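Biologist: I should like a close look at one part of this model, beginning from a single side chain and working outwards through the elements around it. Please set out what surrounds that residue and how the neighbouring elements are arranged.

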Amino acid sequence: MVSPSSGGRAASRGNRPTAERRRGAISFAGQLQRVRCPDEALLLAEQAPSPAAAAAALERLGQLVPLADGRAAEAVAVRSDARLARTVSRLAEHPPPPSQRCAVLWALALVFPRGSEVPGIIPQVTAELASSLPDDLAPTLAAHALWGCDTIGVSAPAPLLAAASRLPFRLHVGIASAALGGSGPAACAAAVAEMVAELPIQRDVISSGSVRPDAQAVVEDRETCWLSDSRAAFSYSGKARRATKGGHPHTDPAALSRSTPAFPSIPPPSGCGAAPSRL
């Protein structure tokens, strides 16, 4: 006769192979979530079962490429890795869906920031992916793709420019670093410090709760400001922002359009001065 306790142990032992098999059958998405370094992302990119999976692996790679000056050698090694070139070449032959093409362009811009050495295959594939995007692309996706093109140094096709122009702001790549005459973490920190000193930023008091606000008033963690030459208001997430007059040196539309030839076919906006996605 088997006691309940021993039977329990036997059942546990009997179930162990099944549990191990379950743990071993990790999906590609699950493997991607576990990636913690560029080498792992590159390995998965090469092993990706589909163009969409390869695009997701490149997106993860873009998040992991070291940006600090002290780790420049690591970043250079990633850029020159043959696995990256092979993955990008495969995506040129078999492009993923449009949204993930935009993600690839965004990721490549993170891997190859302005001023870095860019292999010839990267601008070529960037241009091919950008030109294959549909005309009705969502403006937010277009902004990601446009930022990628401009960072890599590829002229964006007219349909992509038109899609991005539907956003209520204009994207200026690297405008802060360029204005301060430098790039890298030190220049970014200097740019942020100078903008903070110059702009009328503040922490707003808002109602807590995003879906159903309650009566509790809280102070936002982030500091923001909204500039508009036309005094246009801006509302988002249940908060209305009253405009502060523009004309600041780092956010003046006229000054930015003179110093950044990023979008020659789009006129300077009349609303906010700039919304750089990465300083």
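Modeller: In this model, which is predicted, a suitable starting point is Leu84. Apart from neighbours within four places in sequence, Leu84 is in contact with Leu42, Leu58, Leu61, Val78, Arg79, Val111 and Phe112. Leu84 also belongs to the largest nonpolar core, which has 44 residues; together with Leu58, Leu61 and Leu160, Leu84 touches the most other members. The largest contribution to this core, seven residues, comes from helix α4, residues 51-64.

For context, the protein chain has 279 residues, of which 37% are buried. Its secondary structure consists of 13 helices and four strands. Among contacts with a separation of 6 or more, 62% join residues 24 or more positions apart.

The contacts of Leu84 can now be followed one helix at a time. Leu42, one of the partners of Leu84, is also one of the buried residues of α3, alongside Pro38, Ala41, Leu44 and Ala45. Viewed down the axis of α3, these buried residues fall within an arc of 165°, so they line one face of the helix. The elements covering them include α2 (28-34), α4, α5 and α6. The packing of α3 against α6 brings the two axes within 9 Å, with a crossing of roughly 40°. This crossing of α3 past α6 is left-handed. On the α3 side the contact is formed by Asp39, Leu42, Leu43, Ala45 and Glu46, and on the α6 side by Arg83, Leu84, Arg86, Thr87 and Arg90.

Another buried residue of α3 deserves separate mention. Ala41 lies in α3, which spans residues 38-47, and its relative accessible area is 0%, so Ala41 is buried. Setting aside neighbours within four places in sequence, Ala41 is in contact with Val35, Ala57, Leu61 and Leu64. Leu61 is therefore a partner of Ala41 and of Leu84, while Ala41 itself is buried at 0% relative accessible area. The C-alpha atoms of Ala41 and Gly62 are separated by 9.2 Å, and these residues stand 21 residues apart along the chain.

The stretch just ahead of α6 also comes into view. Asp81 is placed in the loop between α5 (72-79) and α6. With a relative accessibility of 18%, Asp81 counts as buried, because the cut-off for that class is under 20%. The C-alpha atom of Asp81 is separated by 9.3 Å from that of Asp39, and the two residues are 42 residues apart along the chain.

Leu58 and Leu61, two further partners of Leu84, lead to the pairing of α4 with α7. These two helices pack with their axes 8 Å apart and at an angle of about 30°. That angle makes α4 roughly parallel to α7, because angles under 35 degrees are classed in this way. The crossing of α4 and α7 is left-handed. From α4, the contact draws on Ala52, Ala55, Leu58, Glu59, Leu61, Gly62 and Gln63; from α7, it draws on Gln100, Ala103, Val104, Trp106, Ala107, Leu110 and Val111. Among these, Val111 is also in contact with Leu84.

The last step outwards runs from α6 to α8. The axes of α6 and α8 come within 10 Å and cross at roughly 25°, which makes α6 roughly parallel to α8. The passage of α6 past α8 is a left-handed crossing. Here α6 contributes Ala85, Val88, Ser89, Leu91 and Ala92, while α8 contributes Ile121, Ile122, Val125, Glu128 and Leu129.

Helix α8 covers residues 121-131, and its residues Ile122, Val125, Thr126, Leu129 and Ala130 are buried. They occupy an arc of only 130° around the axis, which puts them on the same side of α8. Their cover includes α6 (82-93), α7 (98-111), α9 (139-152) and α10 (158-164). Thr126, which lies in α8, counts as buried at 1% relative accessibility. Leaving out neighbours within four places in sequence, Thr126 is in contact with Leu105, Leu108, Cys149, Ile152 and Val154.

In summary, α6 meets α3 through residues that include Leu84, and α6 meets α8 through others that include Val88 and Leu91. Leu84 remains one of the four core members that touch the most others.

Key
Residues numbered from 1 in each chain as written. Predicted model: local features only at pLDDT ≥ 70, side-chain atom pairs only at ≥ 80, totals over all residues. Heavy atoms only, no water. Buried < 20%, exposed > 50% of the residue type's maximum accessible area, 1.4 Å probe, protein only. Arc of directions from axis to C-beta. Contact = heavy atoms within 4.5 Å. Core = buried A, V, L, I, M, F, W, Y, C linked by side-chain atoms within 4.5 Å. Axes fitted to C-alpha atoms, helices over the stretch in contact; angles between N-to-C directions. Parallel < 35°, antiparallel > 145°, perpendicular 65-115°, else oblique. Left-handed = near helix turned anticlockwise from the far one by under 90°.
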